[in-house]
Each structure stands twice: as C-alpha cells, then as structure tokens.
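Biologist: I should like to request a close look at a single part of this model. Please treat the packing of one pair of helices, together with its surroundings.

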Amino acid sequence: MQGLFIVIEGIDGTGKSTQARRLAAWYQAQGREVVVSREPTDGPWGTKLRESAASGRLSPADELEYFLKDRRQHVGELIRPALAAGKVVILDRYYFSSMAYQGCRGFDPTEIRRLNEAFAPRPDVLLILDLEVDRALERIGSRGDSANEFERRDSLQQCREIFLSLTPEPFAHIIPCDCPLDEVTARLQQVLIRVGQATAPPGA
Ligand code: TYD
C-alpha cells in the first residue's frame with residue numbers, strides 16, 4: 001500500500017487538531033494505518049518554540065531556523081519512514097505555517113518554501129481551514145486560551161492571506177469552516193474522496 005501524506009493548515013482557532021483526529025479515525029475505519037503528528041513537534045526544537053510563544057518570541061532569524069531544524073528532524077524520523085511503510089500521515093501544521101507566520105515577520109514566503117522543499121516532501125493533499133480572523137480569535141478565547149505571541153490580530157490577518165494565496169496549487173484546497181465541526185469534517189472528507197485519496201462509503 002502506498003503512503004498518503006495529508007497536511008492540515010490554517011490560522012489558530014480553525015480546529016485543525018480536532019479535524020486531524022477525526023480524519024485519522026475515518027482512515028482507520030477504512031483499514032489504513034494512520035500516524036497523526038503536529039508541528040512544532042514535542043522534540044527539542046519544537047519544545048523551545050512552544051516555550052517562546054509564552055515567554056517571549058525568538059528573533060525572526062532564530063525562529064525560522066528552529067522551525068527548520070524541528071521539521072528536518074520530523075521529516076527524517078517520522079514522516080518519511082511512515083510514508084515508506086505505506087501509512088497515512090496526517091499533520092497538524094507543516095512548512096506552509098512557516099511561509100505564513102515567518103512570512104509575517106519579514107521573510108519572503110517563496111524563499112521560506114524553497115528552504116523547506118529542499119528537504120521536506122510535498123503533501124499529497126493540503127487542506128487549508130479558513131475562518132475570519134475575528135471568529136478565530138473568538139474561538140481561541142472561548143476555549144479558555146488567551147491569544148499568545150503568535151496570535152496577534154494583524155499578523156493573523158496576514159497569515160490568513162498567505163494561506164489563501166496557496167490555492168492555485170492543485171494539491172491545495174481551501175475549506176471554509178465557519179460552520180459546525182461535523183460539517184467541516186464532511187467537507188474535508190468530500191475533498192479527499194473527490195481527489196481519489198479516500199473511498200466513498202457504500203451508498204454515498
Ligand atoms: P500551534 O499549533 O498553535 O500549537 P498549540 O497546539 O500549542 O496550540 O502552534 C504554535 C504556533 O506556532 C502557532 O501559532 C503557529 C506557529 N508556527 C509558526 O510560526 N511556524 C511554523 O512553521 C509552525 C509549524 C507553527
């Protein structure tokens with residue numbers, strides 16, 4: 001069986017991690033072996049990055065470098081081996097987040113992409129969860145979190161625009177998600193069936 005690489009992206013508060021878990025269960029029900037992971041990872045570089053969200057951000061150059069180091073390790077230790085073993089790999093964030101968030105800090109998103117694609121495989125399907133920034137901030141607030149250093153309104157607006165600019169790519173799909181979670185899940189499943197990366201349930 002061939003591996004399948006799915007990436008879920010979008011600004012904070014769009015529900016990426018919930019949808020990643022739901023898609024994982026859906027693929028498991030189709031008899032696939034699934035690995036769900038996220039970036040920043042829980043490895044040494046990812047841990048430093050998460051700490052920086054609470055305690056004060058790194059310089060733009062250090063931040064970009066730490067994300068690259070975290071990803072290099074993730075690709076080598078988890079992503080490539082799982083794909084080679086024929087698994088479905090579902091990621092909550094990947095290098096498109098670097099394009100968006102480090103792009104907001106002054107780096108050219110195209111250059112960020114080039115640096116990443118030198119070692120990081122492209123996903124088969126990129127699902128971009130899209131929501132107005134004010135709605136996303138409301139959701140972050142209502143889950144009891146306060147917006148961290150990565151989540152300021154202006155920069156989220158810019159991040160959203162960078163994510164939306166990815167759609168000319170044939171593997172990228174924008175999924176509006178200002179609707180109940182079940183509806184978002186159904187939309188994601190429809191995209192995956194349409195692009196031939198999942199099987200429609202009998203009778204659908
Ligand atoms: P997030 O997924 O929000 O972490 P948590 O699960 O702890 O809520 O990721 C933390 C932040 O990292 C998020 O606001 C976006 C940022 N980020 C980047 O700036 N660049 C990147 O390449 C990645 C993967 C994330």
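How closely do the axes of helix H3 and helix H4 approach, and at what angle do they cross?

Modeller: The model is a predicted one. In it, the axes of helix H3, residues 60-84, and helix H4, residues 95-102, come within 11 Å, and they cross at roughly 175°. Angles over 145 degrees count as roughly antiparallel, and H3 and H4 are therefore roughly antiparallel to each other. On the H3 side, the contact is made by Glu63, Leu64, Phe67 and Arg71; these meet Tyr95, Ser98 and Gln102 of H4. By character, the residues of this contact comprise 3 nonpolar, 2 polar and 2 charged.

The helix contact also leads to the ligand. Arg71, Ser98 and Gln102 are among the residues that come nearest to the ligand, as are Asp12 and Arg50, out of 13 residues around it. For Ser98, an N or O atom of the side chain is 2.5 Å from a ligand oxygen atom. Arg50 places a polar side-chain atom 2.6 Å from an oxygen atom of the ligand, and for Arg38 the corresponding distance is 3.4 Å.

The sheet completes the picture. Its 5 strands are arranged in the order S2-S3-S1-S4-S5, as an open sheet with parallel pairing. Strand S2 (34-38) and strand S5 (172-176) each have a single partner strand, so one side of each is left without a neighbour in the sheet. From one strand to the next, the twist averages 20°. Strand S1 (residues 4-9) and strand S4 (residues 125-130) run parallel and are joined by 4 bridges.

Methods:
Residues are numbered from 1 along each chain as its sequence is written. This is a predicted model: local features need pLDDT of at least 70, side-chain atom pairs count only at pLDDT 80 or more; totals for chains, interfaces and linings use all residues. Side-chain values use heavy atoms; hydrogens and water are left out. Two strands pair if DSSP finds at least two bridges between them. Helices (H or I, at least four residues) and strands (E, at least two) are DSSP runs, numbered from the N terminus. Axes are lines fitted to C-alpha atoms, for helices over the stretch in contact, and angles run from 0 to 180 degrees between N-to-C directions. Angles under 35 degrees count as roughly parallel, over 145 as roughly antiparallel, 65 to 115 as roughly perpendicular and the rest as oblique. Contact means heavy atoms within 4.5 Å. Ala, Val, Leu, Ile, Met, Phe, Trp, Tyr, Cys and Pro count as nonpolar, Asp, Glu, Lys and Arg as charged, and the others, Gly among them, as polar. A residue is near a molecule or strand if one of its heavy atoms lies within 4 Å of it. A polar contact is a pair of N or O atoms within 3.5 Å; within protein, one must be able to donate a hydrogen and the other to accept it, and residues adjacent in sequence count only if both atoms are side-chain atoms.
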